[in-house]
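Work through the exercises below with the sequence and the coordinates at hand. Try each task before reading its solution.

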Amino acid sequence: MSKIQPSRTGTELGEFLQARRAAVSPSSAGLPDTGRRRVPGLRREEVAALVGLSTDYYVRLEQGRGGRPSESVLDALANVLRLDDAQRAHLYHVAHPPRRRASAPRVPKEQMSQATHTLLDTLTVPAMVMTNTTQVIGWNRLACAVFTDFDDLPEKERNTAWLIFRDEEVAARHRDWESAARNTVGILRMTAGANPDHPPLSALVGELSMYSETFRRLWAEHHVHEKATGMQLLRHPEVGDLDLSYLTWTTPASPHQMLVTYTAEPGSPSARALHLLGAMAATEHAPTRHRSADNPTRNA
C-alpha cells in the first residue's frame, strides 16, 4: 500500500466535512429545533445556507467534485462547523492537497539530533521523542519503566499506535483506553491529511485497519488531534495508578518530531509512584543512561 486509501465517497475533504457536519448540533449553529432528525448534526442545505453557498456546490464539495475551494470558503466552513485549530489546519490540508506523484516518494528515516540526545540524558521525568506518525525514536530509562521497554522491541513495534492496538500489555496500562486510542488515531489522521503520499504511514494504517475493528471505526470518524498538552491516565502493574501531565515540545529544526515529557503533581501519590519507578529502574539498569532508535547502545 503506497498511499493513504481514498474514501468511499471520493475525497478526504468530503468525508471530513460529513463527519464534522454530523458533530454540530442545530442549536449550537443558531438554528431552531425542528424536532427529530433522521441523522445527527446539520443537514447539507443548512451548512450551505450558513456558509453562503448554494446547496448544489456544497454537495459537490462533499462528493469530491467541488475543485479547490477558496480560502474564504474554507474559513466560513471552519466557523460554521466550529473547528478547533487542529481541525482547521486539517481542513486546509485536505482541501488543498499536494499534487500526487506518479511513484511513492522516498521518506527519509527520522533521526534525533545530538542536541536532543543530550537533552534526554538530562531529564529526570519520563520523556520520549515521537515522529508525527507516532513512531518512537528516542526515550529515557524512566519512559521505559512507565510505558514499555522500548529497548527490547523491534523497530516496527516502537510506535504508540501499534502498541495501543496490538500490544495487550501496553493497552492494559491505559485507564482511559478509548480516549488514548482515539487521540492516537487522530494524530495519524492529521499527518495523513498533511502528507497523503507517505508509504510508512500508509502501511501502518493498512495493518492496523486489518487487525482492529476499533481502529477502523476511529479512522472513519475523521477525528484529528494535535498532541500538545493533557493528561495520561495509566495503571502500572508494579506501582498502581499514575496521573501524568504531558507536554509536547517541538523545534523548527525538527518540525516532524515531538519531545513529550510526563510529570506528576508534586507530593501526589503519582509523584511518589514515579519516584519509586525511577529508583527501581536505576537499580535494574545501573550501567544504562539513555537509548534511542538510532543509538541503541549508548552507555555512560
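**Exercise 1. In which loop is the place of R173?** Then describe the surroundings of R173.

Solution. Keep in mind that this is a predicted model.

Step 1: locate the residue. R173 sits in the loop between α9 (168-172) and α10. Helix α10 covers residues 177-194.

Step 2: check the exposure. R173 has a relative accessible area of 12%. The cut-off for buried is under 20%, so R173 counts as buried.

Step 3: look for a polar partner. The side chain of R173 reaches the backbone oxygen of F147 at 3.2 Å.

Step 4: list the contacts, leaving aside neighbours within four places in sequence. One group is A145, V146, F147 and T148. The list also includes L233, L234, R235, H236 and P237.

**Exercise 2. What lines the largest cavity?** Give its volume as well.

Solution.

Step 1: search the whole structure. One cavity of 30 Å³ or more turns up.

Step 2: take its volume. The largest cavity has about 30 Å³. Rolling a probe the size of a water molecule over the atoms shows where empty space is left.

Step 3: read off the lining. It consists of V146, F147, V170, R173, H174 and L234. R173 from Exercise 1 is thus one of the lining residues. V146, F147 and L234 are also among the contacts of R173.

Step 4: sort by class. Four lining residues are nonpolar, one is polar and one is charged.

**Exercise 3. Is strand β1 largely enclosed or open?** Work out its strand partners too.

Solution.

Step 1: count buried residues. Strand β1 spans residues 127-131, and five of the five are buried, so the strand is largely enclosed by the rest of the structure.

Step 2: split the strand by face. A127, V129 and T131 are on one side. M128 and M130 are on the other. Both faces are covered.

Step 3: find the first partner. Strand β5 (residues 254-263) runs antiparallel to β1, with five bridges joining them. M130 has M258 as its bridge partner in β5.

Step 4: find the other partner. Strand β2 (residues 136-140) pairs with β1 in the antiparallel sense over three bridges. M130 stands opposite V136 in β2, and M128 has W139 as its bridge partner there.

Step 5: test β2 for burial. Five of the five residues of β2 are buried, so this strand too is largely enclosed by the rest of the structure.

Step 6: connect the two. β1 and β2 form a hairpin with four residues between them.

**Exercise 4. Which residues have a positive phi although they are not glycine?** Discuss T134 and H222.

Solution.

Step 1: recall the background. Most residues other than glycine have a negative phi.

Step 2: take T134. Its phi is positive, about 65°. T134 lies in the loop between β1 and β2, in the turn of the hairpin. The relative accessible area of T134 is 0%, so it is buried.

Step 3: take H222. Its phi is positive too, about 60°. H222 lies in the loop between α12 (213-220) and β3 (229-236). At 1% relative accessibility, H222 is also buried.

**Exercise 5. Which residues are closest to the centre of the largest pocket?** Add its volume and the make-up of its lining.

Solution.

Step 1: take the volume. The largest pocket has about 950 Å³.

Step 2: go to the centre. The lining has 37 residues, and T131, N132, T133, T191 and H198 are the closest to the centre.

Step 3: assign the lining to elements. β2, α10, α11 (199-211), β4 (240-251) and β5 each supply at least two residues. The largest share, five residues, comes from α11.

Step 4: sort by class. The lining divides into 16 nonpolar, 13 polar and eight charged residues.

**Exercise 6. How many helices and strands are in the chain?** Finish with its burial and contacts.

Solution.

Step 1: count elements. The chain has 13 helices and six strands.

Step 2: take burial. Of its 300 residues, 47% count as buried.

Step 3: take contact range. Among contacts with a separation of 6 or more, 60% are between residues 24 or more positions apart.

Methods. Residues are numbered from 1 along each chain as its sequence is written. This is a predicted model: local features need pLDDT of at least 70, side-chain atom pairs count only at pLDDT 80 or more; totals for chains, interfaces and linings use all residues. Side-chain values use heavy atoms; hydrogens and water are left out. Buried means under 20% relative accessible area, exposed over 50%, partly exposed in between (1.4 Å probe, protein chains only). Two strands pair if DSSP finds at least two bridges between them. On a 1 Å grid over the protein atoms alone, a cavity is a set of points where a 1.4 Å probe fits but cannot get out, and a pocket is an open set with protein on both sides within 12 Å along at least five of seven lines; lining residues have an atom within 4 Å of a point. Grid points are joined across faces, edges and corners, and a volume is the space filled by probe spheres set on the points. Ala, Val, Leu, Ile, Met, Phe, Trp, Tyr, Cys and Pro count as nonpolar, Asp, Glu, Lys and Arg as charged, and the others, Gly among them, as polar. A polar contact is a pair of N or O atoms within 3.5 Å; within protein, one must be able to donate a hydrogen and the other to accept it, and residues adjacent in sequence count only if both atoms are side-chain atoms. Contact means heavy atoms within 4.5 Å.
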